[in-house]
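User: I should like a close look at a single part of this model. Please describe one sheet, strand by strand, and explain the terms as they arise.

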Amino acid sequence: MNPNSNILVFALKCMVMSFYFFSVEAQQAREILAPVFTLGGSMNPSGYINEFGELAVQPIYGETREYLQGRAPYRKKDYWGYLRQPGLKAIEAQFSAVHHYREGIAAARMGMAVEGGWGYVDSSGIYVIKPKFLIAEDFHEGFPAPIVTG
């Protein structure tokens, strides 16, 4: 049996959510994994393929997003965490919502919007700006976009 046949079968069963590594930003950062999920609905397991279309991370997550700055958000049940390449957990799933890392910091929310606010975490998942904002955007040139406090 051809060892690549499993990859081909997987590729036929999966839908590529994004080939983020084709973007200029991701190419420059050498982000080489793209999220994929199995067909049949958004609740199906999600994983990653590499730039050759080969399965790089088994589809064991509820949802995966693109890698950016060496981290990718993933959802396990109702909570979000971050993976580092190649699919290793960097931060356990503990947030109710997250953004991508920008300049080494990511917006993350604990609880629902009425319970907890958005704050900013470093690459280890520690809040460097405490959760107190109703809305949070990505960092750009050392500062977050204007945000609204609760």
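Analyst: Val 98 stands opposite Ala 108 in β10, and this pair is a convenient place to enter the sheet. The model is predicted, so local features need pLDDT of at least 70, side-chain atom pairs count only at pLDDT 80 or more, and totals for chains, interfaces and linings use all residues. Residues are numbered from 1 along each chain as its sequence is written, while side-chain values use heavy atoms, with hydrogens and water left out.

A strand here is a DSSP run of E with at least two residues, numbered from the N terminus; two strands pair if DSSP finds at least two bridges between them. By these terms, 4 strands form an open sheet in the order β9-β10-β11-β12, and the pairing is antiparallel. Its edge strands, β9 (97-98) and β12 (127-133), each pair on one side only.

From the β9 edge, 2 bridges link β9 to β10 (residues 106-109) in the antiparallel sense. Next, β10 and β11 run antiparallel and are joined by 4 bridges, with Ala 106 having Val 121 of β11 as its bridge partner.

Strand β11 (residues 118-121) sends Trp 118 and Tyr 120 one way and Gly 119 and Val 121 the other, and all are buried, that is, under 20% relative accessible area with a 1.4 Å probe and protein chains only. In a regular strand the side chains alternate between the two faces of the sheet.

Finally, β11 and β12 pair in the antiparallel sense over 3 bridges, and Trp 118 stands opposite Phe 133 in β12. The hairpin of β11 and β12 has 5 residues between the strands, and Gly 125 there takes a positive phi near 90 degrees.

Notes. Buried < 20%, exposed > 50% of the residue type's maximum accessible area, 1.4 Å probe, protein only.
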